[in-house]
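The following exercises concern the geometry and packing of a single model. Please inspect the sequence and coordinates before reading the solutions.

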Amino acid sequence: MMRADALRNRERIVRVARAVFTEHGPEASLNQVAQQAEVGPGTLYRHFPTLQDLLVAVIRDDVAALCARGQALLSEASALPETSTPSGASAQSRASADRALRAWLRAVAVHATAMRGLVATQLASWPADGALAACHEEITATGAALLDHAHRAGSAPEGLDITDLLRLANAIGWASEQSPDDEDLIDRLLALVTTTSAPTTGRSPTAERSPATSLGDGA
């Protein structure tokens, strides 16, 4: 069990790290965090051996909220009946699946802007192991479930992969961070991405159109 003073140090480090990361983004260093938290480097490294370990402690609740948001969107979209094939999906089910995936991808892009793009920069490295990899796996699993539902509903092509979508969402988040005065940039870039992702089979040119356009039918 962690001693009370050690626990206080850890909590202070995490609190200060969030402020440092928010101010300096990818340029932040563990030494900056140690100095502002008024702890020695040894104390910081005992709790957080790497920058990624510290970042995970800072964003863990944010990742949990992001995944919970995805699960809620999936539950809402799944309330509509599905068909066995995308070609038989109703306009309503396609639109519902599309809205859920789009809304969550937007949340991912916003999440990636956190701390001046530090989150996007770290996730872009596609961590293979460690604490950040676990966060990445949670996000990927949530997105895969939403994309799978969109596949079944016929609003996304079968070749579309969640890994590619997450890379794009992170890139969109990073681009938005570079243009903080452009409040609509995330939505415009997401519209461009989804406009080029239309299913090209299983629907005739005169197929019933949904009230809200699908992942390839426009913004």
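Five exercises follow, each with a worked solution.

The model is predicted: local features need pLDDT of at least 70, side-chain atom pairs count only at pLDDT 80 or more, and totals for chains, interfaces and linings use all residues. Residues are numbered from 1 along each chain as its sequence is written, and side-chain values use heavy atoms, with hydrogens and water left out.

**Exercise 1. Cysteines**

Determine how many disulfides are present, and explain the result for Cys 67.

*Solution.* Step one is the criterion: a disulfide is a pair of cysteine sulfur atoms within 2.5 Å. Step two is the distance: the cysteine sulfur closest to that of Cys 67 belongs to Cys 135 and lies 8.3 Å away, which is too far for a bond. The count is therefore zero disulfides. Step three is the burial of the two residues, where buried means under 20% relative accessible area, exposed over 50%, and partly exposed in between (1.4 Å probe, protein chains only). Cys 67 is buried at 6%, and Cys 135 is buried at 5%.

**Exercise 2. The nonpolar core**

Identify which element gives the most residues to the largest nonpolar core.

*Solution.* A nonpolar core is a set of buried Ala, Val, Leu, Ile, Met, Phe, Trp, Tyr and Cys residues joined through side-chain atoms within 4.5 Å. The largest one has 52 residues, and those with the most contacts inside it include Phe 21, Ile 59, Trp 104 and Ile 139. Elements are DSSP runs numbered from the N terminus: helices (H or I) of at least four residues and strands (E) of at least two. Among the elements that give two or more residues to this core are H4 (51–78), H7 (131–153) and H8 (162–178). H4 gives the most, with eleven residues.

**Exercise 3. Two helix pairs**

Classify the packing of H4 with H7 and of H7 with H8 by angle and handedness.

*Solution.* Axes are lines fitted to C-alpha atoms, for helices over the stretch in contact, and angles run from 0 to 180 degrees between N-to-C directions. Angles under 35 degrees count as roughly parallel, over 145 as roughly antiparallel, 65 to 115 as roughly perpendicular and the rest as oblique. A crossing is left-handed if the near helix is turned anticlockwise from the far one by less than a right angle, and right-handed if clockwise.

- The axes of H4 and H7 come within 9 Å and cross at roughly 15°, so the two helices are roughly parallel. Their crossing is left-handed.
- The axes of H7 and H8 are 9 Å apart at an angle of about 115°, so this pair is roughly perpendicular. Its crossing is right-handed. Ile 139 and Gly 143 of H7, and Leu 165 and Leu 166 of H8, are among the residues that make the contact.

**Exercise 4. Positive phi**

Compare the burial of Met 115 and Arg 116.

*Solution.* Most residues other than glycine have a negative phi. Phi is positive for Met 115, near 60°, and for Arg 116, near 55°. Met 115 is in the loop between H5 and H6, as is Arg 116. Met 115 is buried at 6% relative accessibility, whereas Arg 116 is partly exposed at 45%.

**Exercise 5. Neighbours of Gln 36**

Which residues does Gln 36 touch, not counting residues up to four places away in sequence?

*Solution.* Contact means heavy atoms within 4.5 Å. Gln 36 is in helix H2 and partly exposed at 46%. Gln 36 touches Val 16 and Val 20. Val 20 is 16 residues from Gln 36 in sequence and 8.4 Å from it in space, C-alpha to C-alpha.
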